[in-house]
Amino acid sequence: MSETQLIEKLDRYKRRKSSDNLIMIPILDAEENTVGFLKPITADFKTTINGCVKLLSRWRAENPTLSPTRFHVTEEGTEKWINNLIICNDRRILFMVQDIRGNYIGHMGFAGFDVMTRSAAVDLVVRGEKNTAFGLMECAVQALVRWGKQELGLEHISLDVLWDNVHAISFYERCGFRKGELIPLTKEEAHGEVRWMPHRGAQFEAEKYYLHMTLC
């Protein structure tokens with residue numbers, strides 16, 4: 001798949017053109033029963049996903065340990081983030097995780113697509129609602145990976161997780177990922193936000209790390 005083809009396919013799922021169909025990816029359990037769907041966050045998300053901005057804002061505020069970045073969550077900021085960093089980003093796509101009853105319980109997607117290496121990173125995995133069917137998020141990750149391989153031709157799938165998030169690391173191991181290298185992070189502060197970015201240069205004793213994990 002060429003870079004142009006990749007962008008065109010992602011744009012179809014994001015419905016950058018309003019005439020494009022809404023495509024949902026089935027989430028299957030171990031017996032291949034449909035237990036939910038991955039529903040893409042589209043350009044018209046205010047119409048296709050009722051309360052999307054409010055929901056994502058709440059989930060971001062309630063899950064501060066999922067990312068080392070610290071900032072004040074507002075609905076205005078979340079809406080700008082969706083438009084600028086998801087919809088208009090040619091290297092990123094985000095899906096809502098929907099259970100079989102139609103309830104939104106979290107989100108996940110891909111980022112950092114590289115057509116030369118046929119690679120991408122699992123991105124923004126959040127279980128926003130705690131009272132969900134057991135194993136649904138694990139099945140959702142498997143559906144995401146299956147879609148990435150079948151529809152986008154991905155051969156190398158990875159992710160980064162905070163090195164001390166034991167629960168998340170265990171979850172990703174159940175999803176088939178294995179532990180890799182530790183990536184040291186450096187602290188950056190600007191405009192009231194605290195960001196921890198991967199350190200470029202000589203190795204050093206960092207305060208925080210990402211654990212890089214790859215799909216087996």
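**Exercise 1.** In this predicted model, find which side chain of opposite charge is nearest to D20, and decide whether D20 is buried or exposed.

*Solution.* Step 1: locate the residue. D20 sits in the loop that links α1 (3-14) and β1 (25-28). Step 2: check its surroundings. D20 is buried. Apart from neighbours within four places in sequence, D20 has contacts with D11, R12 and R15. Step 3: look for a partner. The nearest side chain of opposite charge is K17, at 6.1 Å. A salt bridge needs a side-chain nitrogen of Lys or Arg within 4 Å of a carboxyl oxygen of Asp or Glu. D20 therefore has no salt bridge, with K17 6.1 Å away.

**Exercise 2.** Classify D164 and S158 as buried, partly exposed or exposed.

*Solution.* Step 1: recall the cut-offs. Buried means under 20% relative accessible area, exposed means over 50%, and partly exposed lies in between. Step 2: take D164, in the loop between β6 (156-162) and α6 (166-174). Its relative accessible area is 46%, so D164 is partly exposed. Step 3: take S158, in strand β6. Its relative accessibility is 16%, so S158 is buried. Step 4: list what S158 touches. Not counting residues up to four places away in sequence, these are A120, A121, V122, F177, H212, M213 and T214.

**Exercise 3.** Identify the buried residues of helix α3 (residues 52-62) and the elements against which they pack.

*Solution.* Step 1: read off the buried positions. They are C52, V53, L55, L56, S57 and W59. Step 2: name the packing elements. The buried residues of α3 pack against two helices, α2 (45-48) and α4 (75-87), and against the strands β3 (92-99), β4 (104-114) and β5 (119-127).

Key: Residues are numbered from 1 along each chain as its sequence is written. This is a predicted model: local features need pLDDT of at least 70, side-chain atom pairs count only at pLDDT 80 or more; totals for chains, interfaces and linings use all residues. Side-chain values use heavy atoms; hydrogens and water are left out. Helices (H or I, at least four residues) and strands (E, at least two) are DSSP runs, numbered from the N terminus. Buried means under 20% relative accessible area, exposed over 50%, partly exposed in between (1.4 Å probe, protein chains only). Lys and Arg count as positive and Asp and Glu as negative; His and the chain ends are not counted. Contact means heavy atoms within 4.5 Å.
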